Amino acid sequence: MDFSISADDQSRLQTLRRLGRDEMRPAGWRADRAGAPLPVDDPFFVRMLAEGFGRTRWRAAGATPDGTDAPAPNKAGSAVAQVLLAEEGAYWDRGIGVALPGPGLGEPPILSMGTPEQKQRFLSPFVNPQRPIWGAFAMTEPSGGSDVANIKTRARRDGDHWVLDGAKSFSGNSGRAEWTVVFATIDPALGRAGHRAFVVERGTPGFGDFRIEKKMGLKAYESTSFFLSGCRVPAANLLGGEAYYEQRSGGFKGAMNTFNAGRPAIAGMAVGIGRAALDEAAAFMQAQGLASDLRLRDRLERSRRKLKAALLMALRAAWLADRRQPNMLEASASKALAPPAAFEATSFAMEVLGLAGGRGDHLIEKLFRDVKALDIVEGTGQIQRVVMARHLVGLPN
Ligand SMILES: Cc1cc2nc3c(=O)[nH]c(=O)nc-3n(C[C@H](O)[C@H](O)[C@H](O)COP(=O)(O)OP(=O)(O)OC[C@H]3O[C@@H](n4cnc5c(N)ncnc54)[C@H](O)[C@@H]3O)c2cc1C
């Protein structure tokens, strides 16, 4: 197995390292101290746009692979590079990574399910955006996010529209997004086959009551809950069109594709936070004359080893994805392994720093609060274990 990455991806990694240190960590810290997401008009977003962030990986048919746009340093050329970039970005600030403009989690379902016309409509504004704009993804509902197959938001056809009714929770950037990919069901009795995905555009009547949730960490970006009340969405916004769902078992597969592509990257992010915590702990140990303590050194090394093992699993999952080989088990394993390893790293660092960490004005305390979400998003640790155990005994996922 070869985890090397292209020269372009190496250079993206270097750019990210520079921006992480100079821009992302200070911006994430600023949002954390303010206890609120960075506002839409924060100059940080404009600066990051100028650095090539906020762009889609989609290109119109016939365009050259990299188009004529400025390079997009945040878009990896391979899944392996994506994990390494995710790790590096989260090392500096994971919340900022999600706060950055761009189509976000809404992009993968549009890429995998959308018609050419829909890709053109919804992704072309992100090819070379002149101002910071966002896309979003909304699956989770107030009744629970793990049982994805059992979503309750209803979709009913009415002439040349669909009418959506329901509620969604914790959707990243929905309140500021140009559009949100919303999953709904035409009939709960149909299970996964009843799922449909809609691109709901900002300002659509009945799409509103946005509430930015309070979070313990990752405060740099907004996690938004909202309602769909008689929300009329044009039939043309049904992702993939009717034909897509006649051929496949509903929108669920599109959602799960999104998740499977994301899990190794989320694992990488957890490792990045853990690495940042261990660097803080090691620096503190050196500064305070604790480096000679054998027990602390031993715990530092053990924690680092677990992070490395988790990263290797994520890279293996990504390596398989790059070769279009099934990677469901490895993707779930990496997502199950990395957040607990990172949690252990941040806990250890908190303990080493003692009062200095617990006071609430040190980076380590922020990392300790930030890391928990990585065990929750895109399928909790328990759900990953459920998926792997079902697979072991030959049950369908
Ligand atoms: C910071 C953050 C950002 C998020 N961003 C988004 C977003 O952009 N878009 C979006 O749609 N959602 C988003 N989410 C929601 C996230 O996907 C859900 O929180 C997650 O899927 C878990 O759902 P839940 O919190 O409702 O927990 P529940 O599903 O209610 O589960 C509660 C607990 O029960 C456990 N559990 C549930 N079922 C089982 C089972 N069968 N076996 C064993 N244990 C089980 C779970 O592991 C969990 O510990 C975000 C969440 C957070 C915290």
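How many residues of strand 5 are buried? Select residues 195–201, which make up strand 5. Six of the seven residues are buried, so this strand is mostly covered. Buried means under 20% relative accessible area, exposed means over 50%, and partly exposed lies in between (1.4 Å probe, protein chains only). Strands here are DSSP runs of E with at least two residues, helices are runs of H or I with at least four, and both are numbered from the N terminus.

Before moving on, note what is on the screen. This is a predicted model, in which local features need pLDDT of at least 70 and side-chain atom pairs count only at pLDDT 80 or more, while totals for chains, interfaces and linings use all residues. Residues are numbered from 1 along each chain as its sequence is written, and side-chain values use heavy atoms, leaving out hydrogens and water.

**Stop 1: the whole protein**

Show the full chain as a cartoon. The protein has 13 helices and seven strands. Its C-alpha atoms fill a box of roughly 75 × 50 × 40 Å, taken along the principal axes. A compact globule of 397 residues would have a radius of gyration near 21 Å, and the protein agrees, with 21 Å. That radius is taken over C-alpha atoms, and the globule rule is 2.2 Å times the number of residues to the power 0.38.

Now switch on the surface. The accessible surface comes to about 17500 Å², and 56% of it belongs to carbon and sulfur atoms. Such areas come from the Shrake-Rupley method with a 1.4 Å probe; for residues, only the protein chains shown count as cover. Buried residues make up 52% of the 397.

Next, look at contacts, meaning heavy atoms within 4.5 Å. Take the contacts between residues at least 6 apart in sequence: 75% of them join residues at least 24 apart.

**Stop 2: strands 4 and 5**

Keep strand 5 and add residues 179–185, which form strand 4. The two run antiparallel, joined by seven bridges. Two strands count as paired if DSSP finds at least two bridges between them. Pick F183: its bridge partner in strand 5 is A197.

**Stop 3: strands 2, 3 and 7**

Select residues 154–158 for strand 2. Add residues 161–172 for strand 3. Five bridges join this antiparallel pair. Find R154, which stands opposite D165 in strand 3. Then find A155, whose bridge partner in strand 3 is L164. Strands 2 and 3 form a hairpin with two residues between them. Click G159 in the turn: its phi is positive, about 65 degrees.

Now bring in residues 223–234, which are strand 7. Which way does strand 7 pair with strand 3, and over how many bridges? The sense is antiparallel, and there are nine bridges. One place to look is V163, whose bridge partner in strand 7 is R232.

**Stop 4: two positive phi values**

Most residues other than glycine have a negative phi. Two residues to visit here have a positive one. Stay in strand 3 and select F170. Its phi is near 60 degrees. F170 is partly exposed, with a relative accessible area of 45%.

Then move to strand 6, residues 207–212, and select D209. Phi of D209 is about 55 degrees. Is D209 buried or exposed? D209 counts as exposed because its relative accessibility is 61%.

**Stop 5: E107**

Select helix 4, residues 107–113, and pick E107. At 5% relative accessibility, E107 counts as buried. What does E107 touch? Leaving aside neighbours within four places in sequence, E107 is in contact with T56, R57, W58, K75, L123 and W179. For a distance check, choose G206: it is 99 residues from E107 in sequence and 23 Å away in space, C-alpha to C-alpha.

**Stop 6: Q384**

Finish at helix 13, residues 381–392, with Q384. Q384 counts as buried, at 0% relative accessibility. Display what surrounds it. Not counting residues up to four places away in sequence, Q384 touches R263, S332, K335, A336, E378 and G379. Turn to A336 last: A336 and Q384 are 48 residues apart in sequence, and 5.8 Å apart in space, C-alpha to C-alpha.
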